[in-house]
Amino acid sequence: MTEYAPALKNPPTSPEVGLFATCLVDLMRPSVGFATVKLLEDAGCRVSVPEAQTCCGQPAYNSGDSADARDIAKNVIAVFEGFDYVVAPSGSCAGMISHHYPHLLKDDAAWKARAEALAAKTFELVAFLADVMQADISPPDLGVTATYHDSCSGLRELGIKAQPRALLGKVGGLTLVEGDIPETCCGFGGLFCVKYPDISEKMVDAKADDILATGADLLLAGDLGCLMNMAGRLKGRGASVQARHVAEVLAGMTDQPAIGEADEDTA
């Protein structure tokens, strides 16, 4: 396995960070990208969002299309390798770059070292803020009871568990209530929910049961795909639980409708 965080020691002052925005954030929830930029800049980073960035290649990789996944990986490497760090508001995309790119390109002499170098400086957002920048964030008070979902890639590939909870502990008035199965997959899994809808439906039903049992008013997570999946199920049940990306809460950018809720100005 590629060492995930060798760049933890002695991070540069005011590092140049390339924001890997992710497809879902770009297309479905741009506010997560804006919140991510605010958090990074508040932590002292200089942030750029390269226009030439594309998908990380995970859908192709998970479908067994390694040739296309390699081509996409090479583009991402070329676009981002000049930055001190690459940060994504997604454990899924950060895990793809930091863990799977080196494997995809291990037999390509021209790209192997470049893939490993990019992997070593690619981080999921909350892990970067907590572990690398040791950011002293000051989120505004929220006054809400929340529960947190650990996404599969963030937890199992990147070891992200304590970091979001530590940062959420800085949000005044936020009471975090743990469910019984916060580490259990929600059934999204990118193409998994498309290939195996019946299994996916049962998995997200179990998550919805667990979330509702906490009595929380707000569901938080670090991956938009998981949040959209669970928010849709909760909404289908008529539940009032809101769903937001953890970046929006930490940045104090909760003025727009929650995930899956209609904007009153456009409804």
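This is a short tutorial dialogue on reading the cores, pockets, cavities and a few local features of a predicted model.

User: Let's start with the inside. Which residues touch the most other members of the largest nonpolar core?

Analyst: The general idea comes first: in soluble globular proteins, nonpolar side chains tend to be found buried together. In this predicted model, the largest nonpolar core has 58 residues, and Phe20, Leu40, Tyr101, Phe128, Leu168 and Leu250 touch the most other members. There's also a second, separate core of 17 residues, with Val25, Val204, Leu219 and Ala221 among them.

User: Take Leu40, then. Which residues is Leu40 in contact with, leaving aside neighbours within four places in sequence?

Analyst: Leu40 meets Val17, Cys45, Val47, Val87, Leu125, Phe128 and Leu129. Notice Phe128 in that list, since Phe128 is also one of the core residues that touch the most other members.

User: Leu40 sits in helix 2. Which residues of helix 2 are buried?

Analyst: Ser31, Val32, Gly33, Ala35, Thr36, Val37, Leu39 and Leu40 are the buried ones. The helix runs over residues 30-42, and its 13 residues reach 19 Å from first C-alpha to last, close to the 18 Å expected at 1.5 Å a residue. After helix 2 comes Gly44, with a positive phi near 100°.

User: And helix 6? What covers its buried residues?

Analyst: Helix 6 covers residues 112-120, and its buried residues are Ala115, Leu118, Ala119 and Ala120. The cover includes helix 4 (66-80), strand 3 (85-88), helix 5 and strand 4 (122-124).

User: Cys56 caught my eye. Where is Cys56 placed?

Analyst: Look in the loop between strand 2 (46-48) and helix 3. Cys56 counts as buried because its relative accessibility is 3%, and the cut-off for buried is under 20%. Not counting residues up to four places away in sequence, Cys56 touches Phe20, Ile72, Val76, Cys93, Met96, Ile97 and Tyr101. Two of those names, Phe20 and Tyr101, should be familiar from the largest core. As for Ala69, 13 residues along the chain from Cys56, the two C-alpha atoms are separated by 8.1 Å.

User: On to empty space. What volume does the largest pocket have, and which residues lie nearest its centre?

Analyst: In general, rolling a probe the size of a water molecule over the atoms shows where empty space is left. Here the largest pocket holds about 560 Å³. Its lining has 27 residues, and Gln58, Ser92, Phe188, Gly189 and Gly190 lie nearest the centre. Helix 1 (23-28), helix 3 (58-62), helix 5 (91-104), helix 8 (152-157) and helix 12 (224-236) each give two or more residues to that lining. By class, the lining splits into 15 nonpolar, 11 polar and 1 charged.

User: What about the second largest pocket: which residues lie nearest its centre?

Analyst: Ala21, Thr22, Val25, Asp26 and Val49 do, out of 15 lining residues. This pocket has a volume of about 290 Å³. Helix 1 and helix 2 each supply at least two lining residues, and the classes come to 10 nonpolar, 4 polar and 1 charged.

User: Thr22 turns up there. What is the phi of Thr22?

Analyst: The phi is positive, about 75°, although Thr22 is not a glycine. Thr22 sits in the loop between strand 1 (16-19) and helix 1, and it counts as buried because its relative accessibility is 9%. Gln134 has a positive phi as well, near 45°, in the loop between helix 7 (125-132) and strand 5 (144-149). Gln134, though, is exposed, with a relative accessible area of 62%.

User: Last one: how many cavities of 30 Å³ or more are there?

Analyst: The search of the whole structure finds 2. The largest holds about 80 Å³, and its lining includes Glu124, Tyr148, His149, Asp150 and Asp223. Strand 5 and helix 8 each supply at least two of its lining residues, and the lining divides into 3 nonpolar, 5 polar and 3 charged. The second largest cavity is about 50 Å³, and Tyr148 and His149 are among its lining residues, as are Lys207 and Asp210. Strand 5 and helix 11 (197-214) give two or more residues to that lining.

Definitions and conventions
Residues are numbered from 1 along each chain as its sequence is written. This is a predicted model: local features need pLDDT of at least 70, side-chain atom pairs count only at pLDDT 80 or more; totals for chains, interfaces and linings use all residues. Side-chain values use heavy atoms; hydrogens and water are left out. A nonpolar core is a set of buried Ala, Val, Leu, Ile, Met, Phe, Trp, Tyr and Cys residues joined through side-chain atoms within 4.5 Å. Buried means under 20% relative accessible area, exposed over 50%, partly exposed in between (1.4 Å probe, protein chains only). Contact means heavy atoms within 4.5 Å. On a 1 Å grid over the protein atoms alone, a cavity is a set of points where a 1.4 Å probe fits but cannot get out, and a pocket is an open set with protein on both sides within 12 Å along at least five of seven lines; lining residues have an atom within 4 Å of a point. Grid points are joined across faces, edges and corners, and a volume is the space filled by probe spheres set on the points. Helices (H or I, at least four residues) and strands (E, at least two) are DSSP runs, numbered from the N terminus. Ala, Val, Leu, Ile, Met, Phe, Trp, Tyr, Cys and Pro count as nonpolar, Asp, Glu, Lys and Arg as charged, and the others, Gly among them, as polar. The expected span of a helix is 1.5 Å times one less than its number of residues.
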